[in-house]
Amino acid sequence: MEIYWTSILKAFTLIIELDNDLIEILLLSFKVTSVALFFSCIIGLPVGTFLATQRFRGRTILIGIINAFMALPPVVVGLFVYINFSRSGPFGWLGILYTPTAMIIAQIILILPIISGLTFQIIEDIQERYEELFLSLVLSKFQIIKAYIIDARYSLTTVILAGFAKGISEVGAVIIVGGNIDHLTRVITTTIAMETSKGELSLALALGILLLIISIVINLLVTYKKYSYRDR
């Protein structure tokens, strides 16, 4: 019991004193997830909008693939990236395995289907409500899509926050491709897993508390955006 309370006390001490290792891990975590989220949004938002507003052969299959990829097991993604970027893999010459770059790639693969799939669902719902109205107004395709995006801006913000939550809490893929190397690839989730396995609970608890706070803040933002949009 004494060890329990000592670990908790030390964890809060690390947070209050802004421990250097703690800050370094937090900053790297936000950097990796933010970069992965940025590229996922750059690709995923247009793809989801395109699929919702266009009709073409193979569209249904593509939507089904994206929806299936939304449930990709993180460890499978980590294994896929590891195999392709290991020395014996086709992209091994890049030498990015066990670097933040490999972790970003793994997170993009996990976040991109979520951004694309949820964007598709949101834009398609809006299109079903307003398509006939916009067509009767003889608006161009660009004007119609622009109107959809403006109307969906709060819901799309929720999608982006959901993508960030997915990335910041990911452990399976990033520990495989990043290796949890001190001062190089240690992020919140991998450090929690490693420190707990070693029995060093103070840093793990401190990071766990911060991750919990981040998750609560993100969920509060998502809820606020969702219901503030409904109340308009």
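**Figure 1. The largest nonpolar core of the predicted model holds 57 residues.** Within this core, L22, V177, I188 and L207 touch the most other members. Helix α5, residues 100-136, gives the most to the core. Its share is 13 residues.

**Figure 2. Contacts of L22, one of the core residues that touch the most other members.** Neighbours within four places in sequence are left aside here. L22 is then in contact with L14 and I15. Further contacts of L22 are L203, A206, L207 and L210. L207 thus appears twice: as a contact of L22 and, like L22, among the core members with the most touches.

**Figure 3. I175 in helix α8.** Helix α8 covers residues 172-178. I175 has 29% relative accessibility, so it counts as partly exposed; the partly exposed class lies between 20% and 50%. I105 is 70 residues away from I175 in sequence. The C-alpha atoms of I175 and I105 are 13 Å apart in space.

**Figure 4. The whole chain, with ten helices and zero strands.** From the N terminus on, the elements run α-α-α-α-α-α-α-α-α-α. The C-alpha trace spans about 70 × 50 × 25 Å along its principal axes. Of the 232 residues, 42% count as buried. Take the contacts between residues at least 6 apart in sequence: 74% of them join residues at least 24 apart.

**Figure 5. Surface and charge of the protein.** The exposed area is about 13,100 Å². Carbon and sulfur atoms supply 68% of that area. There are 17 positive and 16 negative side chains. The centres of these two sets lie 10 Å apart.

Key. Residues are numbered from 1 along each chain as its sequence is written. This is a predicted model: local features need pLDDT of at least 70, side-chain atom pairs count only at pLDDT 80 or more; totals for chains, interfaces and linings use all residues. Side-chain values use heavy atoms; hydrogens and water are left out. Helices (H or I, at least four residues) and strands (E, at least two) are DSSP runs, numbered from the N terminus. Buried means under 20% relative accessible area, exposed over 50%, partly exposed in between (1.4 Å probe, protein chains only). A nonpolar core is a set of buried Ala, Val, Leu, Ile, Met, Phe, Trp, Tyr and Cys residues joined through side-chain atoms within 4.5 Å. Contact means heavy atoms within 4.5 Å. Accessible areas come from the Shrake-Rupley method with a 1.4 Å probe; for residues, only the protein chains shown count as cover. Lys and Arg count as positive and Asp and Glu as negative; His and the chain ends are not counted. The place of a charge is taken as NZ of Lys, CZ of Arg, CG of Asp or CD of Glu.
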